[in-house]
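Here's a quick briefing on this one, covering the sheet, its central strands and the ligand surroundings. Have the structure open while you read.

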Amino acid sequence: MKVLALNSSPRAQDQSKTELMLSHLVRGMTEAGAQVEIVHLREKKINVCCGCFTCWTKTPGVCIHKDDMRAELFDKYRAAELVVYASPLYHYMVNATMKAFIERTLPMIQPFFVPEGDRLVHPVRYPIPKAVMLSVAGFHEEEIFGPLSTWAKYLFGERLVAEIYRPGAESIGASRHGRHRDERILAATVQAGRELIATGRISVATLQGVKEQSVKDLKTWSTVGNLMWQTCIAEGVTPKIFKERGLVPRPDSIDSFMLMMAIAFNAKAAGDTQACIQFAFTGEKTGECYFDIANGAIQGHLGCAEHPSMRIEAPFELWMDILTGKADGQKLFMEQKYTVTGDFDLLMRFDQLFG
Ligand SMILES: Cc1cc2nc3c(=O)[nH]c(=O)nc-3n(C[C@H](O)[C@H](O)[C@H](O)COP(=O)(O)O)c2cc1C
């Protein structure tokens, strides 16, 4: 089968989740024997349809624009048996680049009105390839793809052979905790490609694997997400630079500090460590909290522990500077900007325990 796989994400390969999902789908399709060509629409010049209907009247089947759609893409589209439309979800729809491509397929149909079932349609000029809609989104709820799915079904009708939707796509590759889940999602996407070519459909079980939930707790996810955006704004960096620089979402309260400590906790490094770490914060965010570490798990509590193994007293913002790598903890300790009492070894192991 001859497949044209269109990727309309404007983001480069190392950042685009559309491209990540599409490349795995294509791997499966190719393994199953399909001949697939991937086109990154961001590299192409595609003018928007100007609505002149020249392609319906003056030059039937040929668009007036002289761009990459005319020069190469329209012919590739006509030659394909199956087209994968892979787009990031923008404002609950395909993005403008993909929409421009789809609008420019107008020469595929003729201007007349003919009945089909209970509606009128335009007759085709050239055979139209089957369609697969693939989209990825930032939000985690499946329903966000509802409007796109309704549109795709209406637009492609019986030619639509599969819809592949990945909510919470930005979570893929975002944390070491989700590594195994990410591998399962991508393996299911490869499997979807294989099934598509072998059977013309994707099984419910495989689609379920593609959209496996990536966060168990939306409250935690949104708190960490908000801290990440706040940090981007404070540092004046985009999410791409945030990731490249290995920045850490900066807690803005004792509650969010406790959450970040739990996320950063490295159970493997903790091993059989048994400890209780007390924090007493001063300054703008005054308050106390402590962490019990036992059996490779961490439990955070507000308030004072009865017998902490170590007690750290520090101005809240100063400790957040240390936590986010903006300040040197050892240097500040020597300068007595914060104090530590109790098991000093624990402090030495902080980078391991909360790497
Ligand atoms: C302009 C714009 C609009 C977006 N609209 C939505 C949206 O409606 N719903 C959603 O869940 N995510 C939305 N997102 C998030 C993207 O779908 C998400 O970041 C996705 O991973 C982008 O795909 P890419 O990584 O292939 O570029 C939007 C992002 C941008 C830049």
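Strand β1 (residues 2-7) and β3 run parallel, with five bridges joining them. Bear in mind that this is a predicted model. The chain is assigned three domains, and the pairing just mentioned belongs to an open, five-stranded sheet.

**The sheet as a whole**

- Reading across, the strand order is β2-β1-β3-β6-β7, and the pairing is parallel.
- The edges are taken by β2 (35-40) and β7 (160-166); each has a single partner strand, so one side of each is left without a neighbour in the sheet.
- From one strand to the next, the twist averages 15°.

**Strand β3 and its neighbours**

- On the β1 side, V3 sits opposite L82 in β3.
- On the other pairing, seven bridges link β3 to strand β6 (residues 130-136), again in parallel.
- A86 has L134 in β6 as its bridge partner.
- How well enclosed is strand β3 (residues 82-88)? Seven of its seven residues are buried, so the strand is largely enclosed by the rest of the structure.
- In a regular strand, side chains alternate between the two faces of the sheet.
- Here, both faces of β3 are covered: one side carries L82, V84, A86 and P88, the other V83, Y85 and S87, and all of them are buried.

**Out to the β7 edge**

- Six bridges hold the β6 and β7 pairing, in the parallel sense.
- Within that pair, M133 stands opposite E163 in β7.
- Helix α4 (residues 146-156) packs on the sheet, where it touches β6 and β7.
- The direction of α4 makes about 165° with that of β7.

**Around the ligand**

- There are 18 residues around the ligand, and the ones that come nearest are S9, T18, P88, A137 and G138.
- P88 is one of those nearest residues, and P88 also counts among the buried residues of β3.
- Which element gives the largest share of the shell around the ligand? That's helix α1 (residues 17-31), with three residues.
- By class, the shell breaks down into nine nonpolar, five polar and four charged residues.

**Domains**

- The domain assignment gives domain 1 as 2-210, domain 2 as 218-249 and domain 3 as 253-353.
- Taken over C-alpha atoms, the centres of domain 1 and domain 2 are 30 Å apart.

Notes. Residues numbered from 1 in each chain as written. Predicted model: local features only at pLDDT ≥ 70, side-chain atom pairs only at ≥ 80, totals over all residues. Near = placed C-beta within 6 Å. Helix = DSSP H or I, 4+ residues; strand = E, 2+ residues; numbered from the N terminus. Nonpolar A, V, L, I, M, F, W, Y, C, P; charged D, E, K, R; others polar. Buried ≥ 20, exposed ≤ 12 C-beta atoms within 10 Å, placed from the backbone. Pairing = 2+ DSSP bridges. Domains from an automatic or database assignment. Axes fitted to C-alpha atoms, helices over the stretch in contact; angles between N-to-C directions. Contact = placed C-beta atoms within 7 Å.
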